[in-house]
Amino acid sequence: MEGAIGGVIFHHSLLLHDAIPNPAADSLLRKLRHSAIPTAISHEPGISSDKMNLLKNMATLYSMDCFSLDPSSSPLDDAVNEIMLAWHHVRGTILLLLADDKKEVFHKPANCNWHIVGLTVEGASPCEGLGINKINRLEELPLTICRINRKAVGDNVVTVGYIMKPSREEDFAKRGAFPMYPTHNGLIFLPLTFDLPLTPQLQEADIVLHKATDEIVSIELGDSAEYPNKITYTTGMEELKIYMDHHVEYCVIDPLSNIYPVLDRLKIQHILLGLEDLKGASGHLIRGPHFLKVDDYKELSLIQRLSEAKLSLPCIVKPQVACGVAVAHNMAIVFKVEDFKDLKVPLPAVIQEYVNHSSILYKFYVLGEKVFYAVKKSTPNADILIKLFGSHDLKPLVFDSLKSLPTATGNPHSDSDSSKGNNNNDHIDEELVTEAARWLMRNLGLTIFGFDVVIDEDSGDHVIVDVNYLPSFKEVPDEVAIPAFWNAIKSKWESKPASMAL
C-alpha cells in the first residue's frame, strides 16, 4: 500500500541512553512487535561490543532486526540497499526515527522510499506541534504512524483507538488483533495511552474500543434498578468518560452506560428473566438461574426466602459486584443453611441455584453478528462435590473464579477443552442459544460480549450463569476470531447514525 508505513527503524540512541535501555521504549516496542509492522534498530559501524550486545539482546527480546546505518555518512546507497534487500517483504514505506540532530544531517538517497521522523530530545511538551515529521516523545510514535497511514489510505480507512490494561492488550495483540497497518476491511488500530494528553489522540480516532472495567477503582451499588451504580474510574478513564459525555456523536464500543448491567449480577439476573418467552425446537428453555439477593447472611427469614426463590442446597453465592474490584470473583458453594452465618463472600450478594450440568460449561462469544462457542470442563454435580469434599463435615467451598474452580478428577469430559463440532456438545441447542445471544445484544446494546451456559441434566434447561463484556474469546481459533472481531468493529462504525460522523 503506497505511502503507508510498512516498517520502522529506530536509531539506537533513542532506545539506549548511555548503555541503559530507555524506560519509555519497552511499552512501545511491545505494541509494535505485534502490530503487523516489522521493526529494527540501526547503529553506526564500529560501536563497542558491549553496546552491540545490548542492542542484539533488545532486538531478540522484541523480535527486531539490527542494521548498520550511519545517518551522518554519505553516500548511504549501499547501506540502504542492504536494508531493503533484507526487508524485501516489507510493504509500503519505511519510517526511520532519528534524534533531531541526526535528522538534520541525514542525506536520504534519491530512490529511497523512506519517511524520516525526528524526535525532539528535550524542551517540548507531549503532542505539542505534533505532525508526521516530528515527535516529542517515543510514546507519540503510534499516533504518527496512524496519521501517516491514514493519509496514505485516504477516506477508506477507520482508525480504532483502544484502551485496556497492558496484559490484556498484549494477549489480544499477540493474536494479531491490533495492527497499525490497514486490515483487509480498512481498520487501523491506535493504542491510546493515559501517559499523553488524551484529546489529541481521540481526535485522530474514528471509534474507541475500551475495556473500562480494567480502569474501575470502586463501585457503589445502587439500591434498585432505578438508582444507578456509582462507579469511580482511574483518572485517565474519567478523562475519557468526560470526553465521551461531551461528544455524544463519538462512536464507542460500547457506551459506558451499556456495560453497567454486566457489572451488577443482580441487574443481569433481572434482565435474564426476559428470556422466558424463548423456546427452542427441542422444547428446552433458556433462562437465568433462580436467584436471591441477600444483604445479611444472618437474617431470620433466609430459609423461607430461599424456598420462595426456588432455591435448594447446595447453591452458589457470588458478590453482587460482578467485576472491576478485587473481591468480585470471591465465591462459595454452600451445602448447609447454618453455614451462611459465617460466610465470607462479600455482601451484598446474589445466591444462585447450583445446576447439575455434568461438569460441562459452554462459553459463548458474540462478535457482532457472529456467535461462537467452546466447551470447557466445569464444576461437578452436587453429589460428586459432596463425595469429593467430605459428606460428614462439609464446609462451604470458597474459591476465586478467576483462579480455580472445584473440579472432579476422572471427569469424562475433562481431558481437553473442546470447540464447536466436538461430540461432547451434541445436546446443546445451538439455535436456541444463538437466538438468546441476539436477544442479549439487542437488550444490552453490546457489540462484543460473552456468556456462559450450563445445561440442567434433568430438565434440559439451558441456564446462562454469567455475562461479561469484551472477553478474550481465546478458545476461538485466531483465523476465525480475529476477522470476526474486525468485522464487528467495522459494522458498528458503518451502522452508526449519520449524525455521529466526525
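Hi everyone. Let's start with empty space: the largest cavity here holds about 100 Å³. Thirteen residues would be a lot to read out, so let me name the ones closest to its centre: R265, I268, V465, D466 and V467, out of 13 lining residues. Please keep in mind that this is a predicted model.

Which elements supply at least two residues each to that lining? They are α10, residues 265-272, and β25, residues 462-469. Sorted by class, the lining of this largest cavity has 8 nonpolar, 3 charged and 2 polar residues.

The count of cavities of 30 Å³ or more comes to 2, and the second largest has a volume of about 40 Å³. Around that second cavity you will find E139, E140, P142, L143, L190, P191, T193, L196 and Q201. Here α5 (141-153) and β10 (187-191) each give at least two lining residues. Its lining has 5 nonpolar, 2 polar and 2 charged residues.

Now, on to a strand. Have a look at β6, residues 93-99. Why can we call β6 largely enclosed by the rest of the structure? Because 7 of its 7 residues are buried. Both faces are covered: T93, L95, L97 and A99 are buried on one side, and I94, L96 and L98 on the other.

And what does β6 pair with? Strand β1, residues 5-11, pairs with β6 in the parallel sense over 5 bridges, and there V8 stands opposite L95. Strand β7, residues 114-119, also pairs with β6 in the parallel sense, over 6 bridges. In that pairing, L96 stands opposite I116.

Thanks for listening!

Definitions and conventions:
Residues numbered from 1 in each chain as written. Predicted model: local features only at pLDDT ≥ 70, side-chain atom pairs only at ≥ 80, totals over all residues. Heavy atoms only, no water. Buried < 20%, exposed > 50% of the residue type's maximum accessible area, 1.4 Å probe, protein only. Helix = DSSP H or I, 4+ residues; strand = E, 2+ residues; numbered from the N terminus. Pairing = 2+ DSSP bridges. 1 Å grid on protein atoms, 1.4 Å probe; cavity = no way out; pocket = protein on both sides within 12 Å on 5 of 7 lines; lining within 4 Å. Points joined across faces, edges and corners; volume = space filled by probe spheres on them. Nonpolar A, V, L, I, M, F, W, Y, C, P; charged D, E, K, R; others polar.
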